[in-house]
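Q: Could you walk me through this structure, with the cut-offs spelled out as we go?

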Amino acid sequence: MIFQNANLTGKVVVITGGSRGIGKEMVRIFAEEGATVYFTYLQNIEKAEMNCLELSQNGAKVFALQADVKDNNKCQEIVYSIFEKEQK
């Protein structure tokens with residue numbers, strides 16, 4: 001494992017482009033280490049939802065957020081939304 005038994009339980013990770021490729025792998029790695037993972041995707045909701053489903057079957061907390069991260073306002077919305085969810 002990349003973190004060598006890091007315990008990320010209680011930590012929140014945000015990954016841009018997490019529905020495929022390197023981003024998807026990073027989502028998996030952080031989730032397996034116990035982090036709550038939020039990731040963005042641009043268009044392919046099916047891949048994003050499948051990623052969440054696959055990882056949540058093993059008890060991981062993984063959430064997909066549709067966003068174009070080139071949009072500064074959308075990025076701010078995402079950060080505030082995650083902050084509010086995680087404060088509860």
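A: Let me begin with a definition: buried means under 20% relative accessible area, exposed means over 50%, and partly exposed is in between, with a 1.4 Å probe and protein chains only. This is a predicted model, in which local features need pLDDT of at least 70 and side-chain atom pairs count only at pLDDT 80 or more, whereas totals for chains, interfaces and linings use all residues. Residues are numbered from 1 along each chain as its sequence is written, and side-chain values use heavy atoms, with hydrogens and water left out.

Q: OK, cysteines then. Is Cys-52 buried or exposed?
A: Cys-52 counts as buried, because its relative accessibility is 13%. Cys-75, in contrast, is partly exposed, with a relative accessible area of 25%.

Q: And how many disulfides are there?
A: A disulfide is taken as a pair of cysteine sulfur atoms within 2.5 Å, and by this rule the count comes to zero.

Q: Why no bond for Cys-52?
A: The closest cysteine sulfur to that of Cys-52 is in Cys-75, and it is 18 Å away, so the two are too far apart for a bond.

Q: Switching topic: what order do the strands of the sheet have?
A: The sheet is open and has three strands in the order β1-β2-β3, with parallel pairing. Its edge strands, each pairing on one side only, are β1 (12–15) and β3 (61–66), and the twist from one strand to the next averages 20°. Helices (H or I, at least four residues) and strands (E, at least two) are DSSP runs numbered from the N terminus, and two strands pair if DSSP finds at least two bridges between them.

Q: How many bridges join β1 to β2?
A: Four bridges join these parallel strands. Across the pairing, Val-12 stands opposite Thr-36 in β2, and Val-13 stands opposite Val-37 in β2.

Q: Which residues make up the covered face of β1?
A: Val-13 and Ile-15 form the covered face of β1, while Val-12 and Val-14 form the uncovered one. As a general point, side chains in a regular strand alternate between the two faces of the sheet.

Q: How many residues of β2 are buried?
A: Six of its six residues are buried, and β2 is described as mostly covered. Thr-36, Tyr-38 and Thr-40 point one way from β2, whereas Val-37, Phe-39 and Tyr-41 point the other way.

Q: What does Thr-36 touch?
A: With contact meaning heavy atoms within 4.5 Å, and not counting residues up to four places away in sequence, Thr-36 touches Lys-11, Val-12, Val-13, Lys-61, Phe-63 and Glu-86. Thr-36 lies in strand β2 (residues 36–41) and is buried, with a relative accessible area of 7%.

Q: And over in β3, what about Ala-64?
A: Ala-64 lies in strand β3 and counts as partly exposed, because its relative accessibility is 29%. Not counting residues up to four places away in sequence, Ala-64 touches Phe-39, Tyr-41, Ala-48 and Cys-52.

Q: Now the helices. Where does α1 lie?
A: Helix α1 (residues 21–32) lies across β1, β2 and β3, running at about 175° to β1. The axes behind such angles are lines fitted to C-alpha atoms, for helices over the stretch in contact, and angles run from 0 to 180 degrees between N-to-C directions. In α1, Gly-23, Val-27, Ile-29, Phe-30 and Ala-31 are buried, and the buried residues of α1 pack against β1, β2, α2 (45–56) and β3.

Q: What follows α1?
A: Gly-34 does, and its phi is positive, near 100°.

Q: What span should α3 have?
A: The expected span of a helix is 1.5 Å times one less than its number of residues, so the 16 residues of helix α3 (residues 72–87) should span 22 Å, and the 23 Å between its end C-alpha atoms agrees with that. α3 also lies across β1, β2 and β3, running at about 155° to β2.
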